[in-house]
Structures are given as C-alpha cells and as structure tokens.
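This report examines how helices and strands are arranged in one protein model. The sequence and structure are shown first, and the description follows.

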Amino acid sequence: MSITDLACRRVQELTPYQSARRIGGVGRVYLNANESPEGIKFDLDSSSYNRYPECQPPELIQAYADYIGVNPGHILVARGSDEVIGLLCRTFCEPGKDSILICPPTYGMYSIAAETNGIATIKVQPKDNFQPDLPAVFRSLKENSVKVLFLCSPNNPTGTIIERDLLIEILKETAGKTLVVVDEAYIEFSPNDSCTDLLNEYSHLVVTRTLSKAFGLAGLRCGFALADPEIIGLLLKVIDPYPICAPVAQVATAALDPENICVMQKRVDELNRIRNSFLERCKTLKCVTDSFDCNGNYVLLKFKDGEKLFEGAKKAGFILRDFNDKPMLKNCVRITVGSRAEMDDLFTFMKEHDE
Ligand SMILES: Cc1ncc(COP(=O)(O)O)c(C=O)c1O
C-alpha cells in the first residue's frame, strides 16, 4: 500500500484550489490575484513573542468592531476569510449528509472547502444577469439538506452586487433552516452595497470580510466573520487555538486605526478611478466583446478569443486570470486593477494587438 493509498479517499480525489500562487506564471506585472499594487510598512514590537497569542486578540476585535460599527461579540477573526469559509463548512455541515449551495461562476474556495471536508456542493446556475435564480435556489433548498448558502457580493469574478430585495427574500425563506453567508471580500470598493446592517435583523446571516484586498494586506492572512454571537460561539469551538500570530494581530490592529483607514479609503478611490478609466478604454477595443459589472478591484472582460489574449499577455509579461473554462464565462479574462502605470502598460499592449 502506498502512502497515498493511506490518505482519505476524498483527499486522494481532491483537486486543490487553483490559487494564483499555485498556478504560478512568471511575469513583470501580476494582475491575477486581486491584490493591492503596493505594500505598506508597519513597525513591529517583538518583545512578547515568547508568549502564545490570544485566540481572538481583543484589541484587534475592538478595532474591527469600531471600523464596522458592530458589537465585538459579533466578530470572529481568522487566518483570512478562507479560514472562515472552512470553519463555516466544518461547524454547520455533517460530512456525507449535508451540503452547501453556491451559484457559480463564483469564488472557488466554497466548493473546495466543502469537498475537503466531505461535504457536497449544490450548484444552482444564476440568471443571465448573474443574480441568484430564486425559484431554482428555493427548489434546491427544499430538495437537499443545505446548511450553508454562499453568496459573494461583489462577486468574484463577475463583480455582481446581490440585489438587496433578493437577499432579503433569501433571508426570509431560509430563516431557521440554512445559514446565509455573504462574502464581502471586495466591499470596500463599493461600500454603499454592504449588507452588514441586516445582521441585527437576521440571526442566520454571516458576512465575511478580509484585510487582503482594499487594506492591501493579503500576505498578512487576516479575515473576519460578522454574525450573531451564537454563531461566533460555535465557530470558536472549531477554530484552532492560536489562529492569529502576534505580529499579524499587531499589524492588523495598526491597519485599522482611523488614520490608516483613511489611507485605505484614498487608495480605494484611486484604484476605482484607475479601474473605470481602464474599462472605458477597453470598451473601445475590437477584441473586447463584452464587459461585466465592476464593483471590486478587478475587471472581467469577454474577448473574441480569450485564450489568445491571455497567452499573448503572458508572453509580454502580464499575468492575468483566465476564466474561459468556468460556467457562463467562455472567453473571459479577469484583470486585477494594478497601479496606473501597470494598467497603461497593459492597455498599450492590448491596443497594439487589437484585432
Ligand atoms: C470572494 C473572495 N473571498 C475570499 C477571498 C480570500 O480572502 P482571504 O485572503 O481573506 O482569505 C478571496 C480571495 O481572492 C475572494 O476573492
């Protein structure tokens, strides 16, 4: 028997999440992981690194509570929102029995987190405008033991913001039966569309957030769940004892002080301006046949020949993200909004190869 044969069958069969880092690709300009184009410097005090950190560093929880305007008891901090997604699956779904529901194309980690834990993923195709198809979702909820419904707003990769009326209909229909998770990883780029104000009204709503995108701290690994204290208490039973390293807590807390929040908001405004001007210029190109909603730090474009654009850009040193094989996204390529110079550079390349 080989070592691989000893592993769980579901792990043997698993295709891991194809993160930008895992896919790799060497280039000059990286626009494939929806990261911030610039890093930020923070000072660290290492004098207490001899001690284990708090599981939920109180000053970090308080700083996030102040930023969002919710009570600290409604917040859990974890190693990125990816960890929160895994925790939700493990806490609420019985392996081999329960399932999660998603409306793809959407962020890939929901189904991977489920699969890794022996939980099935029910996929319900959205409508043509990428809003959830409510009758189909509700039918599916009736037919299956769905414990967690994952929605992403703005959706990665389509940029779609879930319509508030639809979300409220979903919340009403699922109360007492299914947890509704709204992944707001990119919400700082579209701050008026957050649904955190619904947390008080719907105790089965969970909002996930991250410092990886607008805050420019993807390398830090720091994300949050916002939810009813009862849900937070259950997640805390499952989380590892020390998920947040001491330096992570220090940097994250500093990133959330009011001055740095202002810096973040200025960066977001500038990235939104760069995104909008890049998109408008792209719409004039012959090779671009369609564009999608833009509410995050990325642009999804449909090309006459997506693979040609993607491969051509790669050869020229621009690493983008190909979505050609994803449902409803034939010939689509997602482009992270980088610095103004990077986007000008990429546009020049696209214009020179426009046909
Ligand atoms: C929609 C969405 N949610 C969550 C994540 C993961 O965020 P984190 O870095 O906090 O794990 C990503 C990363 O690309 C994302 O696109």
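In this predicted model, the axes of helix H4 (residues 58-68) and helix H10 (residues 246-255) approach within 9 Å and cross at roughly 25°. Because angles under 35 degrees count as roughly parallel, H4 is roughly parallel to H10. The crossing in which H4 passes H10 is left-handed. On the H4 side, Glu-59, Leu-60 and Ala-63 take part in the contact, where they meet Ala-249, Ala-252 and Thr-253 of H10. By class, the residues of this contact of H4 with H10 comprise four nonpolar, one polar and one charged.

The strands form the next topic. An open sheet is built from seven strands, ordered E2-E8-E7-E6-E5-E3-E4, and its pairing is mixed. Strand E2 (75-78) and strand E4 (120-123) occupy the edges; each has a single partner strand, so one side of each lacks a neighbour in the sheet. From one strand to the next, the twist averages 25°.

Strand E5 (residues 146-152) has two parallel pairings to report. Three bridges connect it with strand E3 (residues 99-102), and these two strands run parallel. Five bridges join E5 to E6, and this pair also runs parallel. The following table lists residue pairs from these pairings.

| Residue in E5 | Partner residue | Partner strand |
|---|---|---|
| Val-146 | Ser-99 | E3 (residues 99-102) |
| Leu-149 | Leu-101 | E3 (residues 99-102) |
| Cys-152 | Asp-183 | E6 |

Is E5 buried or exposed within the structure? Seven of the seven residues of E5 are buried, so this strand is largely enclosed by the rest of the structure. For a residue to be buried here, 20 or more other C-beta atoms must lie within 10 Å of its own.

Two helices lie across strands of the sheet. Helix H5 (residues 80-92) lies across E2, E3, E5, strand E6 (179-183), strand E7 (205-210) and strand E8 (223-226). Its direction is at about 155° to E7. Helix H9 (residues 229-238) lies across E2, E7 and E8, and runs at about 30° to E2. E2, an edge strand of the sheet, is thus among the strands crossed by H5 and also among those crossed by H9.

Notes:
Residues are numbered from 1 along each chain as its sequence is written. This is a predicted model: local features need pLDDT of at least 70, side-chain atom pairs count only at pLDDT 80 or more; totals for chains, interfaces and linings use all residues. Axes are lines fitted to C-alpha atoms, for helices over the stretch in contact, and angles run from 0 to 180 degrees between N-to-C directions. Helices (H or I, at least four residues) and strands (E, at least two) are DSSP runs, numbered from the N terminus. Angles under 35 degrees count as roughly parallel, over 145 as roughly antiparallel, 65 to 115 as roughly perpendicular and the rest as oblique. A crossing is left-handed if the near helix is turned anticlockwise from the far one by less than a right angle, and right-handed if clockwise. Two residues are in contact if their C-beta atoms, placed from the backbone, lie within 7 Å. Ala, Val, Leu, Ile, Met, Phe, Trp, Tyr, Cys and Pro count as nonpolar, Asp, Glu, Lys and Arg as charged, and the others, Gly among them, as polar. Two strands pair if DSSP finds at least two bridges between them. A residue is buried if 20 or more other C-beta atoms lie within 10 Å of its own, exposed if 12 or fewer, and partly exposed in between; C-beta atoms are placed from the backbone.
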